[in-house]
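Biologist: Could you walk me through this model, and tell me how each label is earned?
Modeller: Gladly; here it is.

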Amino acid sequence: MNNSKPIKRLVLRLSLMVVVMFAFGFALVPIYDVMCRAFGINGKTAGQYEGEQVVDPSRQVKVQFLSTNAIDMVWEFYPKGDQLVVNPGSVNEMVFVAYNPTDHPMSAQAVPSISPAEAAQYFHKTECFCFTQQVLQPGERIEMPMRFIVDRAMPKDVKHLTLAYTLFDITARHPPVAAIAGKDADQPSR
Amino acid sequence: MSAVIDDHGHADGQAHGPAKGLMRWVLTTNHKDIGTLYLWFSFCMFLLGGSFAMVIRAELFQPGLQIVAPAFFNQMTTMHGLIMVFGAVMPAFVGLANWMIPLMIGAPDMALPRMNNFSFWLLPAAFLLLISTLFTAGGGPNFGWTFYAPLSTTYAPESVTFFIFAIHLMGISSIMGAINVIATILNLRAPGMTLMKMPLFVWTWLITAFLLIAVMPVLAGVVTMMLMDIHFGTSFFNAAGGGDPVLFQHVFWFFGHPEVYIMILPAFGAVSAIIPTFSRKPLFGYTSMVYATASIAFLSFIVWAHHMFVVGIPLVGELFFMYATLLIAVPTGVKVFNWASTMWQGSLTFETPMLFAVAFVILFTIGGFSGLMLAIAPADFQYHDTYFVVAHFHYVLVPGAIFGIFASTYYWLPKWTGHMYDETLGKLHFWLSFVGMNLTFFPMHFVGLAGMPRRIPDYNLQFSDFNMVSSIGGFMFGATQFLFLFIVIKCIRGGPKAPAKPWDGAEGLEWSVPSPAPYHTFTTPPEIK
């Protein structure tokens with residue numbers, strides 16, 4: 001009485017629903033990523049910007065730079081200047097410095113974030129060290145240029161932007177030797 | 001099953017009665033046995049989770065650190081939440097579903113009896129695994145029941161893997177239970193029992209089961225992602241590898257918000273059976289109750305981010321989640337209105353189930369109102385992570401879910417045991433619980449609004465008096481539950497003989513079988529007029 005056909009069919013359908021919802025949980029990962037980029041949630045910035053824009057001389061935006069080391073990260077890491085006042089549409093550059101004070105090679109990944117978050121989609125980077133991972137030999141110091149354009153279409157009420165980088169130690173995850181061997185193993189998704 | 005079993009007689013029931021000894025309970029596929037197992041298991045977990053709450057309240061009795069170390073306090077808040085949610089409330093409702101749904105729809109048993117047995121016996125294994133972590137070197141889970149990454153990944157104790165597998169087992173158990181409930185309700189209804197003739201408890205459980213099937217796999221997914229981040233080098237929640245800790249909160253609350261309705265909808269159903277009985281009137285607005293339940297279930301999927309207004313979501317998002325959350329007040333208001341209208345001009349009597357049900361309506365509404373306050377995004381910035389939130393969700397869970405379970409237990413105990421419970425003691429249990437519960441949680445509103453943060457073992461001196469009141473109320477509520485245990489045991493062992501229908505205003509098929517309900521019921525489906 002308990003294994004009639006309609007029950008079996010129903011159980012099969014319900015099990016399928018369970019599998020679909022389990023997959024949906026994982027699908028939320030890329031969906032979230034796309035949503036973040038589309039709406040600038042969490043101040044996530046998009047990848048490398050290829051376009052060009054005409055400078056808007058009538059408007060100025062202040063861009064501040066912050067750098068933070070994630071927990072247990074021992075590198076020195078800082079921008080050469082605190083802030084720039086830029087015109088939307090123009091290409092600007094800020095140089096960041098990184099220094100590995102330890103006696104072993106290390107690799108690192110910088111993760112950017114823009115505040116206010118709604119401005120993130122109007123902040124374009126044409127060149128950024130955060131697109132790749134950095135490998136520094138013991139005692140090595142590098143200067144990393146970061147070039148960006150503030151979009152002319154950015155809402156007028158945003159007059160002040162903060163670009164914050166957090167530097168993570170990823171030596172354990174991506175050993176420096178391997179990173180050198182596959183030098184162009186960059187991550188364009190950043 | 002060769003004997004013709006008369007479902008209205010007792011004598012023939014023994015022809016195929018329960019097996020003897022311990023193996024009866026291990027091997028049983030009988031829905032009543034499994035329901036009983038679920039209910040006892042849930043009560044054990046209720047006492048265990050409650051004892052953890054007692055540790056929390058003892059530590060918070062006075063400001064300063066007296067009794068436990070902060071690290072252990074964190075494990076207590078975490079385990080209290082996990083055990084109450086997954087061990088006490090959810091299994092209690094599954095137990096009630098097992099006992100009552102076949103009786104209410106005129107089915108001989110659940111649709112998948114063997115799976116039913118398996119889904120119960122997964123639970124003791126899961127909770128043994130979870131509780132064992134408290135005795136491991138690094139201690140048990142200490143990251144709160146919401147286990148936000150990276151607290152639960154990068155900074156978690158070693159035992160987190162046990163926690164993950166325990167959640168997996170609980171999830172599998174709940175999913176199998178939910179599939180069983182749906183299969184039973186959709187396939188085994190007696191002829192003539194159309195969907196819109198089903199008792200509301202069956203309706204609310206049908207909707208709850210769909211919620212479970214939709215969100216428990218997402219919970220399984222999120223703990224699997226944690227497992228992979230911890231052991232297999234992925235970076236779902238690790239910013240260094242391209243992940244995002246905030247993603248955890250989105251996925252978790254996509255599960256978490258429907259979960260809170262999973263814990264309350266069956267109580268709505270039970271109360272919708274109890275209030276008409278003791279008002280001696282049919283339920284006001286049956287159809288609107290069904291649609292309101294379905295609306296609440298649907299809305300629960302699009303409000304999750306109201307738990308995370310402060311993580312930094314766009315203004316449009318805050319507005320959307322705020323308005324969607326406020327919208328839930330509409331179907332909930334319909335329900336409260338219907339319960340009040342059912343009582344209006346009824347011939348009310350206040351036996352213990354009715355006392356718990358009326359308290360449910362009033363106190364759950366208070367919890368609903370504080371929920372509305374929290375739903376307002378700009379106000380939530382102030383309330384977030386304070387004791388106001390603790391007061392809110394305890395008001396919807398204790399007098400909501402737990403009082404719903406108490407009310408159901410007293411209401412159906414005569415049917416389960418064949419005896420009437422002790423009405424005087426039952427009322428005493430109610431009043432002690434009612435006073436204790438309000439004494440515990442009402443002052444939390446005040447300390448929360450004044451800024452006392454949750455999940456911290458110490459607090460500012462200005463909160464001392466209210467915390468002492470909360471602790472006294474907590475001890476009172478906790479101790480009272482031993483009275484409940486005594487009342488139930490006393491009722492099982494004896495008492496006045498219960499008739500088939502001990503409540504004169506009761507409606508429903510479950511009252512057409514004798515008390516105690518024979519081991520097998522409705523082997524021939526009843527006729528529904």
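Biologist: Which residue is the bridge partner of Val95(A) in E8(A)?
Modeller: In this predicted model, Val95(A) is matched with Pro145(A) of E8(A). Further along, Tyr99(A) faces Arg141(A), again in E8(A).

Biologist: What makes strand E4 and strand E8 of chain A a pair?
Modeller: Two strands count as paired when there are at least two bridges between them. Strand E4 (residues 91–99) and strand E8 (residues 141–150) of chain A are joined by nine bridges, so they meet that definition. They run antiparallel. E6(A) and E8(A) also pair in the antiparallel sense, over four bridges, and Phe123(A) has Val150(A) in E8(A) as its partner.

Biologist: Which strands are the edge strands of the sheet E2-E4-E8-E6 in chain A?
Modeller: That open sheet has four strands with antiparallel pairing. Its edge strands are E2 (76–79) and E6 (123–127) of chain A, as each pairs on one side only. Neighbouring strands in this sheet are turned by 30 degrees against each other on average, direction ignored.

Biologist: Why is one side of strand E3 and of strand E7 in chain A left without a neighbour in the sheet?
Modeller: They belong to an open sheet of five strands, in the order E3-E1-E9-E5-E7 (chain A), with mixed pairing. Strand E3 (83–86) and strand E7 (134–136) stand at its edges, and each has a single partner strand, so one side of each has no neighbour there. Here the average turn between neighbouring strands is 25 degrees, direction ignored. Strand E1 (residues 61–69) of chain A is joined to E3(A) by four antiparallel bridges, and Gln64(A) stands opposite Gln83(A) in E3(A).

Biologist: How many residues of chain A are in contact with chain B?
Modeller: 30 residues of chain A are in contact with 31 residues of chain B. On the chain A side, the elements giving two or more residues are helix H1 (5–39), strand E5 (106–115) and strand E9 (160–169). H1(A) gives the most, with 16 residues.

Biologist: What helices and strands does chain B have?
Modeller: Chain B has 16 helices and zero strands.

Biologist: How do you know that the radius of gyration of chain B agrees with a compact globule?
Modeller: For 529 residues, a compact globule would have a radius of gyration near 24 Å; chain B has 23 Å, so the two agree. Its C-alpha atoms fill a box of roughly 70 × 50 × 45 Å along the principal axes. Among contacts in chain B between residues at least 6 apart in sequence, 82% join residues at least 24 apart.

Biologist: Why is H5(B) called largely enclosed?
Modeller: A residue is buried if 20 or more other C-beta atoms lie within 10 Å of its own. In H5(B), 21 of the 28 residues are buried, so the rest of the structure largely encloses this helix. H5 (residues 160–187) of chain B reaches 40 Å from first C-alpha to last, close to the 40 Å expected. Across chain B, buried residues make up 55% of the 529.

Biologist: Which residues have the most contacts inside the largest nonpolar core?
Modeller: Those are Phe360(B) and Ala407(B), in a core of 181 residues. Leaving out residues up to four places away in sequence, Ala407(B) touches several residues, including Ala270(B), Ile274(B), Phe356(B) and Phe360(B). Apart from that core lies another, of 29 residues, among them Cys128(A), Phe129(A), Leu161(A) and Leu167(A).

Definitions and conventions. Residues are numbered from 1 along each chain as its sequence is written. Chains are lettered from A and ligands numbered from 1 in the order in which they are written. This is a predicted model: local features need pLDDT of at least 70, side-chain atom pairs count only at pLDDT 80 or more; totals for chains, interfaces and linings use all residues. The expected span of a helix is 1.5 Å times one less than its number of residues. A residue is buried if 20 or more other C-beta atoms lie within 10 Å of its own, exposed if 12 or fewer, and partly exposed in between; C-beta atoms are placed from the backbone. The radius of gyration is taken over C-alpha atoms; the globule rule is 2.2 Å times the number of residues to the power 0.38. Two residues are in contact if their C-beta atoms, placed from the backbone, lie within 7 Å. A nonpolar core is a set of buried Ala, Val, Leu, Ile, Met, Phe, Trp, Tyr and Cys residues joined through C-beta atoms within 7 Å. Axes are lines fitted to C-alpha atoms, for helices over the stretch in contact, and angles run from 0 to 180 degrees between N-to-C directions.
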